[in-house]
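The following exercises concern residue contacts, burial, chain shape and model confidence. Please attempt each task before reading its solution.

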Amino acid sequence: MSTTAAIILFAAVATYAIFGGADFGAGFWDLVAGGTDRGERPREVIDHAIAPVWEANHVWLIFSFVVLWTCFPEAYASIGLTLFVPLTLAAFGIVLRGASFAFRKAVYRTRDQRNFGAAFAVSSILVPYCLGAVVGAIASGRVPSGGRAGDPWDSWVNPTSIMTGILAVCVAAYLAAVFLAIDAHRLSDEAMVAYFRARATAASVVAGITAFLGLFVLRSDATFLFDGMTTRALPLVILSAIGGLGSLWLLRKRSSRGTRPAAVAAVGSLLLAWAVAQWDYILPETLTVAAAAAPTGTITAVLVAAGLAVVVILPAFILLYVLDQKGLLPEEGVDTGSRSVEARSDSIR
Amino acid sequence: MTVFDALSAPMLADVNPVPWARSQMAFTLGFHIILVPLGVSWAVMTLIANYRGIKHDDADALRLAQQWSKYMAVTFAVGAVTGTVLSFEFALLWPRFMGQWGAAFGVPFAFEGLFFFAEAVFISVYIFGWRRLKPWAHFWTGVPIAVAGVFGSISVVAANAWMNAPEGVTVDSSGKVTDVDPMAVMFNSAMPLMAAHMVVAAYLVGGFLVASVYAVGMLRGRRDRYHRLGFIIGFTVAAIATPIQMGVGDGLARWVFDNQPVKFAAIEMVPTTGSDVPETMFGHLNSSGEVVGGLPIPGLASILSDPGTGTSTVVQGLDSVPSDERPTNSEVNVVHLAWDVMVGLGTLLFLLTLWYWASWIFRRDLPKSKWFLRAAAVSGGLAVISLEAGWTVSEVGRQPWIVYEKMRVEDAATGNTGIWITFVGVLVLYVGLGATTILVLRGMSRRFHRQELADELGVPYGPAEPSDKPEVPVG
């Protein structure tokens with residue numbers, strides 16, 4: 001029973017890491033796209049890709065929290081007490097990011113767009129870093145059990161957390177660039193396809209190196225996790241490496257198909273490796289999944305909710321993605337012609 | 001990290017986190033709760049306009065629906081992020097509450113997550129689908145938003161109601177929750193009336209808010225059909241919800257009288273148990289707990305509590321429980337004042353809707369008086385104030401309990417002494433967020449107005465413009 005709940009929790013976290021991660025990564029590419037003129041086209045592609053889906057992507061985070069606090073309340077309490085600072089920073093970043101993205105879509109003056117855009121882009125890096133550091137803190141066994149607080153600073157300012165934080169940013173950028181190259185392909189914008197393909201290649205190399213070096217950090221800083229990663233989770237680590245190298249090869253080959261599954265496989269199996277390596281602990285070496293689990297009644301209710309989600313929400317979610325991918329959800333019904341005219345006349349003034 | 005310790009130690013010593021945690025939760029929830037009515041009821045108003053637009057080929061109604069859906073995109077986004085903050089705050093501010101009761105309190109949220117998901121998905125399809133989906137297909141993508149909004153808010157209120165009526169849990173001798181009956185948790189005895197009160201409030205507040213915007217426009221001389229229609233849709237929704245709310249609110253007050261007598265004593269400001277209790281309008285408790293000032297109406301509190309027994313109804317006073325098991329005198333004053341504000345403003349709004357209905361019935365038109373429009377122009381603000389007041393009654397009236405008679409607020413809060421810093425940060429961030437939201441919405445409204453004058457605005461379901469993408473047929 002508790003194992004099923006843990007699997008649902010993992011599924012929610014992994015889905016958030018992939019969809020939410022790609023979403024944050026798009027913000028990263030927005031940040032480094034350069035000045036107003038040079039960055040205009042990449043930003044348009046980014047906007048076009050994430051505007052209809054970002055809210056739905058972030059529901060996965062809330063869902064992860066809900067499953068965690070309902071099924072594993074003790075672990076949730078410990079995490080909240082210990083990792084107060086990075087979680088607070090992440091919450092601030094999410095507010096800034098979501099609001100400023102929505103506002104940027106709603107304002108038409110270049111100056112306003114630039115300000116909201118900057119807030120959006122900077123928080124797109126802050127949030128994955130903080131959440132990555134939180135994962136590092138949990139995985140390296142720095143969150144104590146029993147609803148007690150661990151060290152408020154050392155728990156997330158340590159080699160493992162720094163590594164996982166950086167890795168989260170890199171992986172997000174990697175996923176986003178792969179996805180955006182495909183979006184640009186659909187828009188038949190060959191220049192942008194090349195643009196994002198180059199960035200996907202660079203990001204995959206950086207993310208791969210970070211992950212590889214990360215293993216050495218784990219060896220010295222989180223031995224329990226390292227042992228798991230190099231024994232029972234080793235096949236998954238290797239699978240992740242194959243996925244990453246495969247997507248790199250496909251990118252080099254300029255293939256438009258297969259890069260996305262390969263990238264998702266690389267990230268998904270890395271996350272699964274983490275989960276397998278720390279199994280059966282929810283807080284490594286102090287609290288097991290079984291010991292942290294809520295009573296049966298609660299878990300049954302969550303399973304019912306998750307079942308309904310699969311039956312009702314998943315089709316809706318797929319509908320949204322299909323409509324988005326088919327380009328059936330353009331600028332929210334706004335006459336795009338008048339928008340650019342107005343933006344231009346504003347910039348002249 | 002000794003540097004941090006050195007920096008923070010002198011600053012943070014002896015800061016009690018509990019009042020800061022309470023303030024932050026109150027502030028962020030108080031902010032979020034304003035967006036809830038819009039999320040729940042604006043979709044319905046948009047669909048009414050959309051339906052009218054398609055069915056009667058009404059271009060003004062379609063334009064309203066389209067523009068409302070764009071405003072909704074902004075308010076829904078702000079609601080989504082402020083809601084996300086709340087889910088962080090459960091861990092950050094109330095970890096011990098969540099650790100102890102999460103297995104029960106969390107259950108309704110599992111279902112709320114479902115509804116929120118549905119809402120997020122369909123709101124995206126609806127907002128972004130204007131030009132590409134066929135009219136009726138597009139209309140139907142909006143319906144799940146309205147349904148999910150209602151059930152989502154019922155789920156959240158179910159969790160809050162459980163804090164008032166913590167049923168369906170078995171606790172062992174060490175205080176650990178050993179068994180949870182999820183149905184009893186979700187459908188706890190406080191839930192039906194509290195949820196009804198909140199859902200109706202969402203329609204009431206949302207309706208008045210939308211109507212007040214168009215009332216302002218009409219007062220400024222924009223008396224075209226478009227403004228009139230916007231006003232009528234909003235105000236009619238509010239005018240249906242308001243009388244219903246009087247009944248639901250009365251029922252909820254009686255539930256509180258029966259089940260949370262101490263909260264009821266705080267609401268009515270009754271220091272000692274007795275019969276023939278007066279209904280005191282305003283006034284306050286002094287430091288020794290006596291009623292000072294105000295306008296007492298003899299016997300009315302007893303009569304309202306149970307009309308069957310009239311003035312002989314015994315109302316339990318604050319003194320019926322030890323002082324550490326009831327709200328403090330100043331909390332009682334807050335609850336009582338908030339109650340008077342909620343009921344007072346609710347009554348005024350009710351009278352305003354009577355004026356509206358009378359005018360429709362006898363004259364088949366809106367009231368002609370400028371005073372009606374002036375009153376309608378402030379009705380949105382008044383409705384928000386009464387919403388906040390009602391929520392204050394519910395939350396402050398439960399003190400000192402976070403889980404009624406099972407856990408105290410001070411036992412639930414985090415031990416992190418840095419809360420006051422995050423509170424200040426949240427305050428600054430949210431004030432900026434609120435101000436920007438209003439500025440952005442106003443800017444959008446001006447732009448729509450300019451486009452309207454320049455006649456730039458296309459018909460929403462008109463032939464799609466030539467686009468750089470090939471057309472893909474739907475379905």
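**Exercise 1.** Determine which residues I18(A) touches, leaving out residues up to four places away in sequence.

*Solution.* Step 1: apply the contact criterion, under which two residues are in contact if their C-beta atoms, placed from the backbone, lie within 7 Å. Step 2: list the partners of I18(A), which are L175(A), V264(A), V267(A) and G268(A). Step 3: locate I18(A), which is found in helix α1 (residues 2–31) of chain A; helices (H or I, at least four residues) and strands (E, at least two) are DSSP runs, numbered from the N terminus. Step 4: compare sequence with space: I18(A) and A176(A) are 158 residues apart in sequence, yet their C-alpha atoms are 9.2 Å apart.

The structure is a predicted model, in which local features need pLDDT of at least 70, side-chain atom pairs count only at pLDDT 80 or more, and totals for chains, interfaces and linings use all residues. Residues are numbered from 1 along each chain as its sequence is written, while chains are lettered from A and ligands numbered from 1 in the order in which they are written.

**Exercise 2.** Classify I18(A) and S189(B) as buried, partly exposed or exposed.

*Solution.* Step 1: state the cut-offs: a residue is buried if 20 or more other C-beta atoms, placed from the backbone, lie within 10 Å of its own, exposed if 12 or fewer, and partly exposed in between. Step 2: I18(A) has 21 C-beta neighbours inside 10 Å, so I18(A) is buried. Step 3: S189(B) has 16 such neighbours and is therefore partly exposed. Step 4: place S189(B) in the loop between α7 (182–186) and α8 (191–219) of chain B, where S189(B) touches A165(B), E167(B) and N259(B), not counting residues up to four places away in sequence.

**Exercise 3.** Check the length of helix α7 (residues 159–186) of chain A against the expected span.

*Solution.* Step 1: the expected span is 1.5 Å times one less than the number of residues. Step 2: for the 28 residues of α7(A) this gives 40 Å, and the end C-alpha atoms are 41 Å apart, which agrees. Step 3: consider the surroundings of α7(A), of whose 28 residues 23 are buried. Step 4: examine what follows α7(A), namely S188(A), with a positive phi near 55 degrees.

**Exercise 4.** Describe the side of chain B that touches chain A.

*Solution.* Step 1: the contact takes 69 residues from chain B and 65 residues from chain A. Step 2: the elements of chain B giving two or more residues to this side are α3 (59–93), α4 (95–105), α5 (107–128), β2 (177–180) and α15 (419–453). Step 3: α5(B) gives the most, with 16 residues. Step 4: the residues on this side of chain B divide into 41 nonpolar, 19 polar and 9 charged, where Ala, Val, Leu, Ile, Met, Phe, Trp, Tyr, Cys and Pro count as nonpolar, Asp, Glu, Lys and Arg as charged, and the others, Gly among them, as polar.

**Exercise 5.** Decide where chain A calls for caution.

*Solution.* Step 1: pLDDT is the predictor's confidence in each residue, from 0 to 100. Step 2: chain A averages 83, and 90% of the residues score at least 70. Step 3: over residues 331–349 of chain A, pLDDT stays under 50. Step 4: where pLDDT is low, the predicted coordinates should not be read in detail.
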